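Reader: I am in my first year and would like to look closely at the interior of this protein. Could you take me slowly through the enclosed spaces and then through the packed parts?

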Amino acid sequence: MNKPTLVASAISMVLAVSTLHVAAAQEVESGQNPAQAEETVERIEVTGSRIRRTDMEGVAPVTVITAEDLANSGYTSIEDLLQASVGNAGRTIEGNETSWTQGAHTINLRGMGANRTLVLVNGKRIPQYPTATGGSTTFVDISTFPSSAIERIEILSGGASAIYGSDAVGGVVNIILKRRFEGSALNLRGEKTHEGGRDRQRASFTTGINSSLGQTLFVLDFAFDQLLRQGDRDFTNRWGVDGNNIGSSTSLRFQDRQRFYHSAVDVRPTEQECHDVLGEFALWYDRSVSSTQCRFDTLTTPGLATGKKEFNIVMNHHAELDSGWDINWLVQASDRTSTRANSEKGISPDIFMDRNNPGNYSYDSSDFEDAVEFRLRRRLVDYGQLRNYTGEQQNFTQSLSFGRSIGQYEFDFTWSYGKATFFRRGRNQLLADELLNVVSFDPADSANPDKWYPMDLMTPEQVERLYAETLTDADSGLNQFLAVLSGDLFDLNTGPVQFALSGEWNREWYSDVKDDNTLSGNLLGQGGTQGEGARKRYAIAGELAIPIVASVSGQYLDASIATRYDYYDDESAVNGAFTPQLGLIYRPNDSLLFRGNAGRSFRAPDMHRLYAGLSRSFSSTTFHVDPSHPAEPDRFESISAGNTDLREERGKFFNLGTVFQVGDNFNGMIDFWHISLRGAVYTESVSRILADPYYDRTNVASNCNELTNLGYIMQQPADQDYADVFCVRRGTINSAYEASRGLDADLSYTWNTESYGDFRLRTRVSRTLKKQYQAFEDSRRVEETEENYLQKWKGDISLRWRMGKWTSNVAYYYLGTGEGVHSWNIDGQLTPVTSKLGTFNRVNVNTSYRFNSSHRLTAGINNLFDEMPPEFAPGHPSRNSVPFFLRNNGYNVIGRTYTLSYQYRF
């Protein structure tokens, strides 16, 4: 790992520039150059086009979220605000999804997948998160940059691959950082929850320095988020919504299947033994409640939100040289430590002993001619510490841009470089090989210090010998050169034809390395995947803006054409991808605009899906291939690996919309959008593999090593009258189809009064008309808004009031009902039933008072009415499943929070 290098190098560069500016600041004279004072119409680059223009409205809808919007929203961070935005739909990562991606956050525009939303910073790509979520899907962490450094965020809905290349399928999020800041500011913010746990603190220092060398912005930011556990909320700290659940049976027991050492098959502890071993997590039930009386309390310790401590530094320097060149240099570095909480690990191995040589154990019954079977069910509480996973994440990003006018053209050249590292330590694992050497199912060995009888606590020496950690050491990087030439190509009677030409070279890489014990499956119940690879990409793109109609009355019709070709130099089957785009803008008058846009998009395969190495794990399923299999879970070995034959995912999109202004106070936009994607990469699930006889490889392969394609192997031990799943190989293929369509509206009304202050009312709403998913051409298309609880409606309404030194905001966030289909157990039969999840409503309020030009105090309440997520209907199979709400779909159990912020400017 390069832990000291990333942040230290950034700080060194920032301090060097800071020293230069402090020395030069004394040379700055007040006043302004007369040439600079001339009124000019500035052309800016808007997300979705490389042609600089004077109008923010382009052929594609772009929503702008300013730093003021973030402050008024009541949310603490940009990831909170982006995940609440109306364009964000479907499954997202919210910091606590898995130990692979703990502390990271994503945005999922149009529900097309977080990996199909392109995230830019100042219009440039940044490195992807070092590890893949779910062990397969790479993404960009949107929480890398601090909110104190952000000027605005532009969100483009729909495809934009003709401009930016891969990933811009569901849309583009462009985070624009501040370039200038007058003076200095210290901002402090605290957030305390009403229910307890998940308190948050923020502190940032921002300063701007103007000198003969240019303008430089510095931001130093500190963030602390307290870990939130299930036990911190009444909503999750309960045994089922209906109160009919009990603790985990994987606690303290085993089976002596042939009664070799015991008179009964089931070996269970007494109440005293249960409490002696499991301690504070022990639960003891009457036999009328549970035949397994000793159970484990799994509710209190698992995490609902990851804890973090993060330091962030940002430098953004802009200079205009006498030679005509403009220089912009951005440097950012962050250091984050995250903590993810888990329940104490449970193990449930089947262990076999040689009847002819007692004490000789194996996990494979075929190792012995006459085997005795033991089934161990045990919680690993012997270490005496909670099972928290610690992650150390570092990010470094820098971009250096040069731009100048060359005649009537503008030329920009940018070099971007970024690197991210992630080191994770997962505790309380158990070594499978050592367990065979230490374990004994003979109660006589309870007093033997060299043996561990599972009904006893391990001795410190046994803990030292058996316990281990699962380790992840990952990094990712990006090196990119981008050149853009733009300007007026030639003049028509209707105006100038504008153009932009760009060329791009990009190299990205990643390395995700696990420890040997994790990869080999030597940690009981712990799987892992690793891989590493790199690829280069070459791209050339062109864009035209053509004025077709223009009149003195303000009426005009413009067309835009964009096309791009990307060539991938890697081991995938992508080779080249061509993406065109065509758009029209018609403005009949100054108050009304109509727009339309259509084109193609694509996404290159995730590098981890290409280069992932072979990984092994042990899993279980309740789907039984053999109908004679008992109701208990069927355990099997699972393997997976990358697939370099993957090709690009190919998309199409179009949008139609209008932008209007009514009088001086009311304006808005309404857009219809449609996105489709074919050949999407799909990870075939274990249940789908087992449900399809086509994947049965029982007569083709005898073990997992011989499975080279997707499939499964069955086996039937001699002492059973039913077959078990022996091995399953999972993998990814280009087979899926996804489509999303809907309507967006953004309406704003302002009115000013002399006596009561100024008001602004704004509402944004999105209606998903369809969100379809299909795994294969011959499979059924699933309507996710009707079957997977994807909400059709999402919106917000905000009211801002200003009067004198006071500013108040009220924001209402709405998630509509979700509808889904699930198989319910009705009279012993699995029956498809449609049910609904209720709405999720949150109200944030805050009030600010500016004492003078230096001091400002803001107090607020988020989730004013302490709203908790909706629960599944009575009878739903997941109603009583922890944590009792649908994760990662816009719901959370943070509840009401109180915020207090203070700003000091000097």
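Author: Please keep in mind throughout that this is a predicted model. Within it there are 11 cavities of 30 Å³ or more, and the largest of them has a volume of about 730 Å³. The lining of this largest cavity is made up of 41 residues, and those closest to its centre are Asp80, Glu94, Arg842, Asn892 and Ile894. If you wish to trace the wall by its elements, those that give two or more residues to it are the helix α4 (78–84) and the strands β14 (303–305), β38 (793–803), β39 (806–815) and β42 (840–850). Among these, α4 gives the most to the lining, with four residues. Sorted by class, the lining of the largest cavity holds 13 nonpolar residues, 16 polar ones and 12 charged ones.

The second largest cavity has a volume of about 300 Å³. Its lining consists of 31 residues, and Arg125, Ile126, Gln128, Asp167 and Glu508 are the ones that lie nearest its centre. Here the elements that give two or more residues are the strands β2 (117–121), β23 (467–492), β24 (495–514) and β25 (531–550), and the largest share, four residues, comes from β24. By class, this second lining has 16 nonpolar, eight polar and seven charged residues.

From the cavities we can turn to the packed parts. In soluble globular proteins, nonpolar side chains tend to be buried together. The largest nonpolar core in this model has 34 residues, of which Phe254, Leu278, Tyr361, Leu430, Leu435, Phe441 and Met458 touch the most other members. Both strands and helices take part in this core, for the elements that give two or more residues to it are β10 (252–256), α6 (271–278), β13 (294–296), β18 (350–354), β20 (371–379), α7 (432–438) and α8 (460–466). The largest share of the core, four residues, comes from α7.

It is worth pausing at one member, Leu430, and following its contacts one by one in the structure. When residues up to four places away in sequence are not counted, Leu430 touches Ile347, Leu380, Leu435, Met458, Leu466, Tyr467, Asn522, Leu523 and Leu524. Two of the names in that list, Leu435 and Met458, are also given among the core residues that touch the most other members.

Lastly, there is a second, separate core, which has 30 residues and includes Val121, Ile153, Leu217 and Leu330.

Key. Residues numbered from 1 in each chain as written. Predicted model: local features only at pLDDT ≥ 70, side-chain atom pairs only at ≥ 80, totals over all residues. Heavy atoms only, no water. 1 Å grid on protein atoms, 1.4 Å probe; cavity = no way out; pocket = protein on both sides within 12 Å on 5 of 7 lines; lining within 4 Å. Points joined across faces, edges and corners; volume = space filled by probe spheres on them. Nonpolar A, V, L, I, M, F, W, Y, C, P; charged D, E, K, R; others polar. Core = buried A, V, L, I, M, F, W, Y, C linked by side-chain atoms within 4.5 Å. Buried < 20%, exposed > 50% of the residue type's maximum accessible area, 1.4 Å probe, protein only. Contact = heavy atoms within 4.5 Å.
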